Amino acid sequence: MRESALAAWRRLEHGFDAAFGSAPNPLRQLGTLGFLMLWLLVVSGIYLYVVLDTSVEASWHSIEQLSRSPWSLGGLLRSLHRYAADAFVLLMLAHLLREWLFGHWGGFRRFSWLTGVPLLLFAFVSAIGGFWLHWDQLGQFSAIASAEWLDWLPFFATPLSRNFLDAAAVNDRLFSLFVFIHLGVPLLLVFGLWFHIQRISRAAVFPPRALAAGSVATLLALAVVQPVTSHAAADLSAVPGTLRFDWLLLFVHPLVAATSAGFVWAWLGATLALLFALPFVPQRAAPVPIAVVDPANCNGCRRCFDDCPYAAVTMVAHPNQRVGRQMAQVNADLCASCGICVGACPSSTPFRSAAELVTGIDMPSAPIGALRRGLQQALAASTSEQPIVVFGCDRGARVASLAAPDVAPFSLMCTGMLPPSFVEYALRDGAAAVLVSGCREGGCEYRLGQRWTAARLSGSREPHLRASVPRERVATVWADAGDEAALRRTLERMRSAAHAAALVEQPAHG
Amino acid sequence: MDERKASLTPAAWIGQALLYGLFALVIGVFSGWPPYRQLASDQALVKLSFSHTGKPVSDCRPQTPEELARLPPNMRAPLRCPRERSPIVVELDVDGAPALRHVARPSGLSKDGASSVYHRMAVGAGVHRVTVRLRDDARHAGFDHVRDETVRLAPAQILVIDFDTATQKITLQ
């Protein structure tokens, strides 16, 4: 089931690519968009806290003032605060769904998954607590419904609901508790988010500028077109009438009413238990061996340390005991076995004269020496006059589907594993052209493989492809699994170009 | 060498606008629609709730000389009284029909705390005869407090039935 849902999600993502482009595709930026909503909530929340009179008598009036001038700064920020909260939970749930579909819960991702689960709870508690602060009829309904739901738990000697029996029962001290919940739990959320991204290097907490601008503009437009307004002030002597109900944030109250408090607690407990248990379910696929450092070939240059997407590489003192000399060390718990560190290592160059290429940091299951051997053999065995070498990625478009007498395809764990010098090596060893492929921009399974490869090939990141390499004989295609047609189109163009170049060269040689 | 980043076509801009619009539509719609109503427009709500400490579960009894001798001199009280409190039994009839019967156990590990109950029920708006019976002393049968009242409830009105510990009376407000 997950596979078919994943295929549907990919189709959706590709559809969004057509509108937004690949890297700023919101479906690939759900986490950063969630952060953007959090920043909006913080900024608008600070303003609202300044104008909010945190007392039973005056709270409703202070918020109602904003409703009376919905297009003032305060009115807009009030609406923005609510809509950003709605957007936050939508994006958070979509992020959870995407990570589940892509199987991002186990192994080296276990920590991020487990630290993400409690954030679901924090987000909803923060959001629901925000409604109470208005102390309008919706806040009254939500506060009482929450208290009644909590009373089902056998923790309270006196039912919480008694705090709302009549107007005299609600005092400013209770209101301080509301404020504490709506400020304290979001602080917990921010703290939890800090944990959530701890094991990710270069974690983005802001989406691409165009996407951020579009998202903020969308919410502001919504705030202008449909400003958020208060209901009548809370009145504990009467049941609130018809409510303009925020189903995205408050759905739990009607759910309790439609079923029972016990049922919803059971549903919540089971959902959280399942989410927490998921990373501990044994995986079907055998784990891939992690990167291994060879001290004799590691010069401590720190490039693998800089490029690792999961901060699995640290620098330690080199065992050769030379003063100041370092070498890389791999943390087995954090290593994703992506091989991006191999592509970053300057010792991975195939031009080294050693008969057996051994690099500073390598993948035991697919050593870089085997790639050089395979490349040499493929070019030597090729019967084509213009062989084309294709380096691809196990997670992106399947390069094996391009296999032909004039094509030598090599699929790596991640395109980021490819040292750019291999491109030059292939051209010098007889390839007419080299095609490098990987996942679509922003969609790299290992986060940074595509980005680092593009940067290395363009010469903006070390190790770089030398300027002397003829760029017209090198092409890149960023294509996901299922995008093989894009690979074939580029390959066809390269074939034609190689053929035309050969025709031009022939008279000169003749 | 690199694939050129294709600039967005007019169709792509329109697509973006539509998707942003769809996002706004989903949030705009479900942040306020469909409206929700907890109670039908012709109903009122009765909340029966109290937090009340029952009487001791049994009488105090004089301590025997042997029991007193075992105690430190400063704790030799002539009477020994139980800490445990009586569970509170409450019954509610609406228009002569039993609507609720609940036994509230005393809280605390030694069962010496207050007994609490919170229960709400929807009733039709209009005139109702409400009878509340409460027993807070397990040492004898029968109810210690009874209140029988006819009330007129407007639609959406909340009638709170509580127990005032100061006056030791059942209150309806």
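A residue is called buried here if 20 or more other C-beta atoms lie within 10 Å of its own, and exposed if 12 or fewer do. I start with that because the helices I will show you are described in those words. The second thing to know is that this is a predicted model.

With that cut-off in hand, take helix H1 of chain B, residues 10–30. Which of its residues are buried? They are Gln16(B), Tyr20(B), Ala24(B) and Ile27(B). If you look down the axis of H1(B), these residues fall within an arc of 65 degrees, so they line one face of the helix. The other side of H1(B) has exposed residues: Pro10(B), Ala11(B), Ile14(B), Leu18(B), Leu22(B) and Leu25(B).

What do the buried residues of H1(B) pack against? The answer lies in the other chain: H1, H4 and H8 of chain A. A word on the length of this helix too. H1(B) has 21 residues, which at 1.5 Å a residue should span 30 Å, and its end C-alpha atoms are indeed 30 Å apart.

Now the rest of chain B. It has two helices and ten strands. In sequence order the pattern is α-β-β-α-β-β-β-β-β-β-β-β, which you can follow on the screen. The C-alpha trace spans about 105 × 60 × 25 Å along its principal axes. The radius of gyration of chain B is 30 Å, whereas a compact globule of 173 residues would have one near 16 Å. Of those 173 residues, 21% count as buried. Take the contacts in chain B between residues at least 6 apart in sequence: 63% of them join residues at least 24 apart.

Next, chain A. It has 17 helices and eight strands. Its C-alpha atoms fill a box of roughly 100 × 50 × 45 Å along the principal axes. Chain A has 510 residues, and buried residues make up 43% of them. For the contacts in chain A between residues at least 6 apart, the share that joins residues at least 24 apart is 72%.

Chain A is divided into two domains. Domain 1 covers 2–240 + 247–280, and domain 2 covers 292–509. Their centres, taken over C-alpha atoms, are separated by 44 Å. Ten residues from domain 1 and 15 residues from domain 2 take part in the contact between them. On the domain 1 side, the residues that touch domain 2 divide into three nonpolar, three polar and four charged.

I will show one helix from each domain, starting with H3(A), residues 56–68. Its buried residues are Ser59(A), Trp60(A), Ile63(A) and Leu66(A). Seen down the axis of H3(A), they fall within an arc of 115 degrees, so they line one face of the helix. Glu57(A) and Arg68(A) are exposed on the face turned away from that buried side. The buried residues of H3(A) pack against H4, helix H5 (110–134) and helix H7 (172–196) of chain A.

The other helix is H14(A), residues 368–381. It has 14 residues and reaches 20 Å from its first C-alpha to its last, close to the 20 Å expected at 1.5 Å a residue. Where do the buried residues of H14(A) sit around the axis, on the same side or not? The residues are Ile368(A), Leu371(A), Arg372(A) and Leu375(A). They cover an arc of only 100 degrees around the axis, which puts them on the same side of H14(A). Note that Arg372(A) is on that buried list. Gln377(A), Ala380(A) and Ala381(A) are exposed on the other side. The partners of the buried residues are helix H13 (340–344), strand S4 (361–362), strand S5 (388–393), strand S6 (407–412) and helix H15 (421–428) of chain A.

Last, the contact between the two chains. How many residues does it involve? It takes 45 residues of chain A and 36 residues of chain B. Several elements of chain A each supply at least two residues to its side, among them helix H1 (2–20), helix H4 (73–101) and helix H8 (209–225). Strand S8(A) gives the most to that side, with five residues. The chain A side divides into 26 nonpolar, eleven polar and eight charged residues.

To go back to the start: H1, H4 and H8 of chain A are what the buried residues of H1(B) pack against. That is all I have.

Definitions and conventions. Residues are numbered from 1 along each chain as its sequence is written. Chains are lettered from A and ligands numbered from 1 in the order in which they are written. This is a predicted model: local features need pLDDT of at least 70, side-chain atom pairs count only at pLDDT 80 or more; totals for chains, interfaces and linings use all residues. Domain bounds come from an automatic or database domain assignment. Two residues are in contact if their C-beta atoms, placed from the backbone, lie within 7 Å. Ala, Val, Leu, Ile, Met, Phe, Trp, Tyr, Cys and Pro count as nonpolar, Asp, Glu, Lys and Arg as charged, and the others, Gly among them, as polar. Helices (H or I, at least four residues) and strands (E, at least two) are DSSP runs, numbered from the N terminus. The radius of gyration is taken over C-alpha atoms; the globule rule is 2.2 Å times the number of residues to the power 0.38. The expected span of a helix is 1.5 Å times one less than its number of residues. The arc is that of the directions from the helix axis to the C-beta atoms.
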